[in-house]
Amino acid sequence: MSKSMKLYTDSFHISSDSFFDIQDIEKMRATFNQAFEDNNIDIFVDDDFTVIYGDPYDDLSASALNADPFLNKYFFFPIDKLYLDDGSNKRDLGIRMCFVKEGRRGIKCHVFDIASEQYEKVGSWSKAQEFFGDKLISDNIRKMYPSYISVCNKISGQLEKRPHIVYTNQSGWVEGGRDWFYVPVSPSDECDLLYSKSLNSKYKMNPTRHLTHQEAFQKTWSMLDITDKRITLPLLSYTFLSLITSLMNYSSDEFPKFMICLSGNNKSLDRQGFANLFCNLYERKMNIFSLNSKYHINSDMDRKMIEKKSAKIRDGILIINTDTRPKLIERSLRSMQDSAVENLQLILNEKRLDKEFVLNLDISDVEISSVHVEQQRQNSDILSSAIFHATGFFRRIFQHEETSNKKKVEKYLRKRYKHFRKLIEKDDIPQEEDKLHMYSCLLIGLDFLLNPVKNELLVFNHEVYNEEAQAYVDEAVQLFQQECITKNAVSVVEQQPADEKNSEAMKEEHIIFLEKLFELLPVELPSYENKSDSPDINAWMDKKVESIIWINNSVFRMILLSTVNGFQELHEDEQKSAIIKYKTSIYNKLRSKEISVILPKNDDPKNSTVKIGTTEKDDYTGNRAAGTRKSCVVFRMDRRKAEEYLSSLKN
């Protein structure tokens, strides 16, 4: 537990606003007295909540026979279990204790949260006057302490069945004893979840609370008018998507993480200006032209330091300025795949990054509205206000039976993803696989932003919005659809001899791909068990079905080299970009229901509709020693079905 985190303590008189009332205390008094009697312990909690020897109503009790029956002015007992949540797991922290006594103005309570190590040494409380004060525990009760505390321990063991109290030292979504909180925006609750003032101070997110949720939304939505919505809408959606990173379970093959790269130069608003306006969550200031290195990365650092810095920003965006630091790009890409990292990354780089699952937004040729920039710069807390309202609305999702825990919320978000993906997908237009995934995720972020303006009764309906929210979604879907269309930067069919040109031009690129592929592959392929004997092979047979083969993704480059004039002379980045787009186009066609020769990575029914681009990863390890193992990206194909498909085209 952080040294800066102080345990809760308070004193008050019982009232209608108290988190427990006189009936609760009377019930606890009866429980203790029954336990004392059952265990033959001569202690009794009287009606005025003083602790005395024995039962005063029994003539033969210790209380009646003792000249001084008084033991303690306060009746004290455990009321709640305490846990510490660091964002990844919960562990036992301690106990909340309550001391009560009759006062002039009614029943007075002193409540303390006690760490486990202190509670385990509970017998020394009477000596620890500097912690509790000499008025709470009397010297008279020392002799009876072991007996009294034995009952306390039994009662505390029963608290496991009750809602508990959670402390946290981590930002982002944290489950309290009863509700969920987005820390530090959601106010802490003394009987549910507590976090320190230092955490609130460290991750300053100061919303203008006098704005209604509708006003905060409209002012935030006006950010889209700063420039082309092809830039602003993905950035704003990405920010709100980042707020639920820990709830999405991005680490799976079926649901890969992605990042946005903001590239290019713009004199009116540079990359850091865009990043600060749209994606910086903490300590938002009028100065938008420099990154706050307290939260973000503006200098070179190794991967461990990146992950360490990233771990501190949970359910938010880590902005990384990679200009003139190419190694930082690779480290950032690798750190993004760490399952323990529960945030999203925004890369600022002069050039675009031609990588899978990187969404490039180029600001070079866009016009900037200086009026809108100045409005947002002068009111930097508007975005924080929208986050305050959106997270407040999202907390209600956990109160619904269908989404009452993290697993159910993850399932709910996946349903939203599938719904949005169907909206973007166009059967008659080739689309890039990784962009379909990224823009579908961005619509989840937009959906989160729209929470305050959706019809609340329809929040769990996967298709219906009110008219205002539906208009916003329709606009985004139309824009994102256009961005997903495959850009055929590389034409597989180049200038060829006249006698070959007409016949080749009539063929679609996926047919040419299959023909060239079978030219590359040997007639007899090695088995899975023997593939390690041939480290340079491009394919091998499946373990169980010989007609199914696994093929190394390197064949895409080989085929482009053999079919595209001048491909070898292209810059490395241009080659990578061309390969990605070519591979996506081939996957989409050969993975389609009509052809279906490229298969999911296994026969699990849940993979029947999964695109190959998200399930293609596999290890090529064979029987190599651990130190010499290699890995490659592969895909699975039904060879017999592919050959039959080519034969059918000739007939």
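Buried here means a relative accessible area under 20%, and with that cut-off in mind the tour of this predicted model can begin.

**First stop: the hairpin of E9 and E10**

Select strand E10, residues 180-183, and display its side chains: Trp180 and Tyr182 point one way, Phe181 and Val183 point the other way, and all are buried. In a regular strand the side chains alternate between the two faces of the sheet. Now add strand E9, residues 172-175, which pairs with E10 in the antiparallel sense over 4 bridges. The two strands form a hairpin, with 4 residues between them, and if you pick valine 174 you will find it standing opposite phenylalanine 181 of E10.

Moving on from the end of E10, select valine 183 together with proline 184, and look at the peptide bond that joins them, which is cis with an omega of about 5°. Proline 184 itself is found in the loop that runs between E10 and strand E11 (193-195).

**Second stop: two residues with positive phi**

Most residues other than glycine have a negative phi, and most peptide bonds are trans. Against that background, select glutamate 283, whose phi is positive at about 50° although the residue is not a glycine. Glutamate 283 has its place in the loop between helix H10 (271-278) and helix H11 (303-312), and because its relative accessibility is 17%, it counts as buried. Then go to serine 596, a residue other than glycine with a positive phi near 50°, which lies in the loop between helix H21 (572-590) and strand E18 (598-599).

**Third stop: the open sheet and helix H12**

Select strands E12 (259-263), E13 (317-321), E14 (344-348) and E15 (358-362). Together they make an open sheet of 4 strands in the order E13-E14-E12-E15, with parallel pairing. E13 and E15 stand at the edges with a single partner strand each, so one side of each is left without a neighbour in the sheet. On average, and with direction ignored, neighbouring strands of this sheet are turned by 20° against each other. Within the sheet, centre the view on E12 and E14, which run parallel and are joined by 3 bridges; leucine 262 has leucine 348 of E14 as its bridge partner.

With the sheet still displayed, bring in helix H12, which packs on it and touches E12, E13, E14 and E15, its direction making about 165° with that of E14. Which residues of helix H12 (residues 326-336) are buried? They are Leu328, Ile329, Arg331, Ser332, Leu333, Ser335 and Met336. These buried residues pack against H11 as well as against the strands E12, E13, E14 and E15.

Next, keep H12 and add H11, remembering that two packed helices are described by the angle between their axes and the distance between the axes. H11 and H12 pack at an angle of about 50°, with their axes 9 Å apart, which means that H11 is oblique to H12. H11 passes H12 in a right-handed crossing. To display the contact, select Arg303, Ile306 and Glu307 in H11, which meet Leu328, Arg331, Ser332, Arg334 and Ser335 in H12; by class, this contact has 2 nonpolar, 2 polar and 4 charged residues.

**Last stop: helices H19 and H22**

Finally, select helix H19 (residues 509-520) and helix H22 (residues 639-650), whose axes come within 11 Å and cross at roughly 120°, which means that H19 is oblique to H22. The crossing of H19 and H22 is left-handed. On the H19 side the contact is made by His510, Ile511, Leu514, Glu515 and Phe518, and on the H22 side by Arg639, Ala642, Glu643, Tyr645, Leu646 and Leu649. By class, the contact of H19 with H22 has 7 nonpolar, 1 polar and 3 charged residues.

Before leaving this part of the model, pick glutamate 509, whose place is in helix H19. Is glutamate 509 buried or partly exposed? At 22% relative accessibility, glutamate 509 counts as partly exposed, because the cut-off for buried is under 20%. Adding serine 585 to the selection closes the tour: glutamate 509 and serine 585 are 76 residues apart in sequence and 8.7 Å apart in space, taken from C-alpha to C-alpha.

How values were computed
Residues are numbered from 1 along each chain as its sequence is written. This is a predicted model: local features need pLDDT of at least 70, side-chain atom pairs count only at pLDDT 80 or more; totals for chains, interfaces and linings use all residues. Side-chain values use heavy atoms; hydrogens and water are left out. Buried means under 20% relative accessible area, exposed over 50%, partly exposed in between (1.4 Å probe, protein chains only). Two strands pair if DSSP finds at least two bridges between them. Axes are lines fitted to C-alpha atoms, for helices over the stretch in contact, and angles run from 0 to 180 degrees between N-to-C directions. Angles under 35 degrees count as roughly parallel, over 145 as roughly antiparallel, 65 to 115 as roughly perpendicular and the rest as oblique. A crossing is left-handed if the near helix is turned anticlockwise from the far one by less than a right angle, and right-handed if clockwise. Contact means heavy atoms within 4.5 Å. Ala, Val, Leu, Ile, Met, Phe, Trp, Tyr, Cys and Pro count as nonpolar, Asp, Glu, Lys and Arg as charged, and the others, Gly among them, as polar.
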